Structure formats: structure tokens, C-alpha cells
Amino acid sequence: MNFHKASQAVAVAALAAATVLSLAVVAFIIVFVLERGLPQLSAEFLFGLPRNMGKAGGIFPAIVGTFVLSLMAIGIALPLGVGTAVYLSEYTRETGLTRAIRFGTDCLAGIPSIIFGLFGYVFFVTTLRMGWSLIAGALTLAIMVLPTLIRTSEEAIRAVPASWREVSLSVGATKWDTVRKVVLPNALPGIVTGVMLSLGRSIGETAAVIFTAGSSFRLPKGVFDSVRTMAVHFYILAREGVSVEKAYGTAAVLVLSVLAVNVLTYWLMNRLIKRKAR
Amino acid sequence: MKVAVRGLRVSFGGAEAIRGITLDVAANRVLGIIGPAGSAKTTFLRALNRMNELKHGCKTEGSVLIDGEDVYAPGIDPVVLRRRVGMVFAMPVPLPMSIFDNVAYGPRLAVRHRASPHKTKAELDELVEDCLRSAFLWDEVKDRLDTSGLRLSGGQQQRLCLARTLAMRPEIILLDEPCSGLDPISTAKIEEALVVLKERYTIVLVTNNTKQAARASDETAFFLMGELVEVGATRKIFTNPSDKRTEDYVTGRFG
């Protein structure tokens, strides 16, 4: 075998190995968690209240807490993020300032979540006297996912062809008409992707949440009640050795939730794209 | 004169694109504008509906009078102006929505801006049909008005764009090389539409195809490097031009 054929074969093998290895790690984690967690799942586990500090009973409050907290965070972050993205890409010219804002957003995206947790604790929980609560947690998570939302929305908005905007303006549309009727509807699939990424991140977040939303077992009755998310529940069960079985059960539900969010994303994206291509 | 352009100068970031053009367009006529690439034909067209100013660093001097009123005067809203002065671009650009919605896009906005009275569904249907007929597209799309405009062929898309412009009931229609990407049959259909349309509209047609100007326009203007070299009856420009440069261009000796 001559040299370039050999190098080609080696390259293909190396690339294939890298792919297999990355997939194997993911598959291993999922199988590992589900293998130990799935046997724990039962109607009582999913819909029951925890008993004996979580050693027995269910995780219903944690499931509710996780989704309510994450959806609230997205509900707060989405208008801010999309608004910022529209403003930056449609209403400002590319200047040093917009570049600085973009750089800032990128930096914000790289900050470890525990720092957001610390900020949320100091600012929302203590200074604004919200206490450990849904609202403090949701605001903290909103700040955490904001950079992702801004950047994905901005990318999606920039991908809308300039000629569409021009046509819209040429038939007597204002800039705002154009944003509403042409830009946003066509940036929607990209924005939805950002929302789902952010939702996934919020659902799995632990550090930022434990400092701000607390770890109450009870079902929340209002936004000033503390909640415990599944991730926090898992952390406490495992860390304090309450129940390894229940910890895995919680982890399984968590993994399946994130999976469900991703599947929903793909489904929604395909639907949106198909509807337009009709 | 429907349109009277007086001493028009347009520059982008200090680079002068149009160097003082004075030109009239008579009502219900087709003015063809010819000239080699880079002679600012498109910039001239976009000066008439104030589309140039969407680009950063654009500066416009002189005046563009439509029915005697300067469109660059303070207090003139470009959004309102663009409803009076419609435009078809060089590349067909259907909006990513249904054929019907493409045509109804402008009229619906006009209703929303209270620039035209509320339209019933029947009135809107009638307007869309009329515009598609005027653009010689109705027969090809009447059974599939709810399919996406993006699914049409290039020639059909360009006629859809023409219909979309007509739907605003403009007074003036600007056509920016509307046939540059089209096959001869689609081109013929567009030109056919123009003959009928000039009874109701004043048309300015920029074209890279001198034969098209000869066929479709009543008057022809020859632009070169941002200046107007010559304007006159199309027959005269093509058979007996006053300027040597015009003669060289229309006979294909340069450009």
C-alpha cells in the first residue's frame, strides 16, 4: 500500500473512532442512568409527594418545580432576548458599540452558572428580599440563558435575506411592519432552537438554582414560594446519602425530560419549516 | 410632467454615484434607461422612491418632483411615498408566503396604516385577481393561490412581484432590470404587460438590454458614469442619436 492511501485510511479510522467514542460516552451515560433509574419509576414516584426526606414517596413537587421554574425563566428571558436581538440587528449599524455589546454577551455566556447563582442570591434573594423563591430562581436563570437567546435569535434574524426586507419596505411597510411580518416569522425556527437550548439548560441547572430557588419539598403555591428542582433534588439525595435509588430515579426523569424537550424542538422546527415551504 | 428630476446628486460615503441629473418623465409613458454597468441607473431609480437612504452614508441633493411636489422635502414620509411609487427589483423576490398573501401584502399594510379604507374579503380577492391578471399571471396560478410564492418559476415569480407592486395602486412603477434573469418568453410576457399598464401608470424601466428599451419604451435616456448623456424619443435615440457616445452604445461598439 502506498503512503497516501495509508494516510487516507488512518485519517478515516481516526475520524470514525472520534465519532464512535463521543457517541459511546453519551450512550454510556444515558444507559447508566436509565438502567438504574427506570426501575424506580412508578405512578407513585412520578405523581406522589416525597416522604421521609425523599427516601420514599415521589418527586412530583420537583417535577412541577423544574418545569414551572424553567418556563418562567424562558418567559422572562424570551422577550428581552428577542427584543435585544432585533434591536441590535435591525435598528443599529455595526459600530464599535454593537461589537462591544456582542462581545459582552459572549463573555456572559461563558460565565460559570454558580456565579449567576451567587449574583442571584445576593441581588434577588437578599437585596430585593425575594427570599428563596420561584421568582428569584427564574430571574437568575433568565439572566443565565439570556446570552444564548440573544445570540441564537440574532443569528436567525441575520439569516433572513436582506432582499425580503427591501421588498417589504418598497411596498409601503415601515421598519416595524417588516420586522413583524417578514423578519420574525422567518427567524422563528432559529429562535425556537434558542428557546429549546435555553429550556434544556434551565431544566438541568443546579448551582444557580440551589442558591436562589431553595430546596423546599412542598408544591409551590405562588411565585414567592421556594421550590426544589429535579437537579437539586438529585444533588441533595446523592450528596447527603439519603437514597441512591431515588437519586437515580430522579436522574432518569431528568434525562428523559431533557430528551423530550429536544425531540419536541425537532418536531416543532420541522413543522415550522414545512409550513413555510408549502 | 409626472416626475421632474432637477439637479439630482447622490453619493454614498462621499463617493459620488449620480453627478447632477435633470430629467423629466411624462405621465402614462414608459421611460427606458440604458447604460453600461456602473452608470448609476439603479441608484437613479431608487432615488425616485427614496430607497437609497436605507443604505448607510447616502447623501442626496437636488430635487425629485412628483406632480410638482418635492419628495425630499421635509415632512414627506418615505413610507407613504413608496406606496405611490412602486418598484420591481432585478431579481424576483417573492416574500416567503402564499401567492395571495404576496399580492395582498401591500394593501393589507395600507389598511393597517389607515392609508386606505377597510377591505372586505371579497374586495381583497377582487384586487388580487385584478393585479394577477394585469401581470399576466392569473391563469397560471388561479387554482393554487395558497401555495408559496417561492414555488413558482423565476418568470412567474417576477410577474408575481409585478402584481404585488400593482396591488398598491401606485402612480409610478419603477422596474429595475426586471427581465435580467428571465427567459425570452417570460420577458415577452412582462413587456406585454407594460404596454397595457402604461395606460394607468407612469413607468420607468431600467434595462441592460438595449433591444428591450427599443421595444418597450416611449422615451429612452442614456446614462454614463452617473451622468445623463442624452434623452429623447426612443426611435431617435436608436436611429439618430445626437451624441457620439450614445451611438456607440446602442450600436454595441462599447459597454
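Let's start with a helix pair in chain B of this predicted model: the axes of α6(B) (residues 154-166) and α7(B) (residues 184-197) come within 9 Å and cross at roughly 20 degrees. That angle makes α6(B) roughly parallel to α7(B), since anything under 35 degrees counts as such. From there, the briefing goes through the sheets of chain B, then a helix pair and the domains of chain A, and ends with the contact between the chains.

**Helix pair α6/α7 in chain B**

- α6(B) goes past α7(B) in a right-handed crossing.
- On the α6(B) side you'll find Gly155(B), Gln158(B), Arg159(B) and Leu162(B), and these meet Ser186(B), Lys189(B), Ile190(B) and Ala193(B) of α7(B).
- Sorted by class, the residues of this α6(B)–α7(B) contact come out as three nonpolar, three polar and two charged.

**The six-stranded sheet of chain B**

- Reading across, the strand order in chain B is β6-β7-β8-β3-β9-β10, in an open sheet of six strands with mixed pairing.
- β6 (85-88) and β10 (227-233) of chain B sit at the edges with a single partner strand each, so one side of each has no neighbour in the sheet.
- From one strand to the next, the twist averages 20 degrees.
- At the β6(B) edge, four bridges link β6(B) to β7(B) (residues 172-176), and the two run parallel.
- For a landmark in that pairing, look at Met87(B), whose bridge partner in β7(B) is Leu174(B).
- α6(B) turns up again here: this helix packs on the sheet and touches β6 and β7 of chain B, with its direction at about 170 degrees to that of β6(B).

**The four-stranded sheet of chain B**

- Chain B also has an open sheet of four strands, in the order β2-β1-β4-β5, and its pairing is antiparallel.
- Its edge strands are β2 and β5 (69-70) of chain B, each pairing on one side only.
- β1(B) (residues 3-12) and β2(B) (residues 15-25) are joined by eight bridges and run antiparallel.
- Those two strands make a hairpin with two residues between them, and Gly13(B) in the turn has a positive phi of about 55 degrees.
- Two pairs help you find the register: Val3(B) stands opposite Val25(B) in β2(B), while Leu8(B) has Ile21(B) of β2(B) as its bridge partner.
- Helix α1(B) (residues 41-48) lies across β1, β2 and β4 (58-66) of chain B, and runs at about 65 degrees to β2(B).

**Helix pair α6/α8 in chain A**

- Over in chain A, the axes of α6(A) (residues 134-158) and α8(A) (residues 175-204) come within 8 Å and cross at roughly 150 degrees.
- With angles over 145 degrees counting as roughly antiparallel, that is why α6(A) is roughly antiparallel to α8(A).
- The crossing of these two helices, α6(A) and α8(A), is right-handed.
- α6(A) brings residues including Leu141(A), Val145(A), Leu149(A) and Glu155(A) to the contact, and α8(A) brings residues including Val183(A), Ala187(A), Gly194(A) and Arg201(A).
- By class, the α6(A)–α8(A) contact holds nine nonpolar, eight polar and two charged residues.

**Domains of chain A**

- The domain assignment splits chain A into domain 1 (3-39) and domain 2 (43-277).
- Their C-alpha centres lie 30 Å apart.
- Six residues from domain 1 of chain A and five residues from domain 2 of chain A take part in the contact between them.
- The side of domain 1 of chain A that touches domain 2 of chain A has four nonpolar, one polar and one charged residues.

**Where the chains meet**

- Chain B puts 22 residues into the contact with chain A, and chain A puts in 17 residues.
- α2 (78-84), α3 (99-112) and α6 of chain B each supply at least two residues of the side of chain B that touches chain A.
- The most to that side comes from α3(B), with four residues.
- By class, the side of chain B that touches chain A has 13 nonpolar, six polar and three charged residues.
- That gives α6(B) several roles: this helix meets α7(B), packs on the sheet at β6 and β7 of chain B, and supplies residues to the side that touches chain A.

Notes
Residues are numbered from 1 along each chain as its sequence is written. Chains are lettered from A and ligands numbered from 1 in the order in which they are written. This is a predicted model: local features need pLDDT of at least 70, side-chain atom pairs count only at pLDDT 80 or more; totals for chains, interfaces and linings use all residues. Axes are lines fitted to C-alpha atoms, for helices over the stretch in contact, and angles run from 0 to 180 degrees between N-to-C directions. Angles under 35 degrees count as roughly parallel, over 145 as roughly antiparallel, 65 to 115 as roughly perpendicular and the rest as oblique. A crossing is left-handed if the near helix is turned anticlockwise from the far one by less than a right angle, and right-handed if clockwise. Two residues are in contact if their C-beta atoms, placed from the backbone, lie within 7 Å. Ala, Val, Leu, Ile, Met, Phe, Trp, Tyr, Cys and Pro count as nonpolar, Asp, Glu, Lys and Arg as charged, and the others, Gly among them, as polar. Two strands pair if DSSP finds at least two bridges between them. Domain bounds come from an automatic or database domain assignment.
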